[in-house]
Amino acid sequence: MRFVYYGSSQFSEIVLRGIINYGVVPELVVTTPDKPQGRGLKIKPTPVKQFASCNNIRVLTPFSLKEESFIKKIKSLDVDLFIIVSYGNFIPSSLLILPRIMPIAVHPSLLPCYRGAAPINWAIIRGEQTTGVSIFKVSEKIDAGPLIIQRPLDIKDSDDALTLSYRLANLSIELLLRAVLSIEKNDYRLILQDESKVSFAPKLRKEDGRIKWERDAISIRNLVRGLRPWPEAFTFYKDTLVKILDVEVIHDYSSFEPGTIIKIEKSALFVTTGEGIIKIKRIKPQGKREMEVRDFLCGHQIKEGEKFS
């Protein structure tokens, strides 16, 4: 099967690497343009571009998918499929009609649940115990096309968004290979999504990471897990932004107001919530490196009774 691969993220790079290992190689890779990244804001290519370039696969990085010259290049390839995996931009209908068979996409959720840009993060934030991978035919409506294959995956209590992403990417490789084979053999069914079960996973914003201490401890821990490695959950200590990176839930009661530091140990801070207590084990003050709480305590005279706001 001849296909064009659209992808940009680390998730997409893992999937591309996986299918190539099985001999399923794209005619072309399309990814988003190089952009500033990291603390130094150096211009860097996407993980997908880095991998494809190192493996002698032709790469295009159009600023607009509506450019006439770009559409002509894609049309000239006369491919059977588009495979879209975490590309990052909307693909217009002028492109979607070009594959001889169809455009398909990988989405890391059990569609129609968690349509949108951040399904892995929101599944953890909202306390789901199961997610999965869906392969579907792409339509003009985002993540709404009919399903080809779908598989669930349990969310471990130890998972954060990064570890779950790796697990879902590896499951995506297996399902994508199965989907391509079934399409090649014309041995597949398109199953309409149930619109009554739709939920959404909007793009993350930095503000989504603000910890609301009046919420229960489990919800706060889910927020911390779901926002790793970006944008990360945060709070304020004496007007200084502090990112909270690793916490544990203590099922206990406190009469103090939510956000109050009620206990200080050598390697942990204990903070009240709307229900239960959060034990903070790892932290990142603004402008500083990640650190254990013991290191944070060395530079701050924190006292019991003080509050995170």
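A polar contact is a pair of N or O atoms within 3.5 Å, where, within protein, one atom must be able to donate a hydrogen and the other to accept it. In this predicted model, such a contact is found at the start of helix H7, where Asp216 caps the N-terminal end by placing a side-chain oxygen 3.2 Å from the backbone nitrogen of Ile218.

**Helix H7 and its surroundings**

Helix H7 spans residues 217–226, and nine of its 10 residues are buried, so the helix is largely enclosed by the rest of the structure. The buried residues are Ala217, Ser219, Ile220, Arg221, Asn222, Leu223, Val224, Arg225 and Gly226. Which elements do the buried residues of H7 pack against? They pack against two helices, H5 (119–125) and H6 (161–184), and against the strands E10 (233–237), E11 (240–250) and E14 (277–285).

**Strand E8 and its partners**

Strand E8, which covers residues 130–137, is mostly covered, with six of its eight residues buried. Strand E8 pairs with strand E7 and also with strand E9, and the table sets out these two pairings.

| Pair | Residue ranges of the partner | Sense | Bridges |
|---|---|---|---|
| E7 with E8 | E7, residues 102–107 | antiparallel | four bridges |
| E8 with E9 | E9, residues 147–154 | antiparallel | seven bridges |

Individual residues can be placed within both pairings: Ile104 has Lys137 in E8 as its bridge partner, while Thr130 stands opposite Asp154 in E9.

**Helices H1 and H2**

Two packed helices are described by the angle between their axes and the distance between the axes. For helix H1 (residues 10–21) and helix H2 (residues 47–54), the axes come within 8 Å and cross at roughly 30 degrees. Because angles under 35 degrees count as roughly parallel, H1 is described as roughly parallel to H2. On the H1 side, the contact is made by Gln10, Ser12, Glu13, Leu16, Arg17 and Ile20, which meet Pro47, Val48 and Phe51 in H2. Sorted by class, the residues of this contact are five nonpolar, two polar and two charged.

**The chain as a whole**

These elements belong to a protein chain with eight helices and 15 strands, whose C-alpha atoms fill a box of roughly 70 × 45 × 30 Å along the principal axes. Of its 309 residues, 50% count as buried. Among contacts between residues at least 6 apart in sequence, 66% join residues at least 24 apart.

Terms used:
Residues are numbered from 1 along each chain as its sequence is written. This is a predicted model: local features need pLDDT of at least 70, side-chain atom pairs count only at pLDDT 80 or more; totals for chains, interfaces and linings use all residues. Side-chain values use heavy atoms; hydrogens and water are left out. Axes are lines fitted to C-alpha atoms, for helices over the stretch in contact, and angles run from 0 to 180 degrees between N-to-C directions. Angles under 35 degrees count as roughly parallel, over 145 as roughly antiparallel, 65 to 115 as roughly perpendicular and the rest as oblique. Contact means heavy atoms within 4.5 Å. Ala, Val, Leu, Ile, Met, Phe, Trp, Tyr, Cys and Pro count as nonpolar, Asp, Glu, Lys and Arg as charged, and the others, Gly among them, as polar. Buried means under 20% relative accessible area, exposed over 50%, partly exposed in between (1.4 Å probe, protein chains only). Two strands pair if DSSP finds at least two bridges between them.
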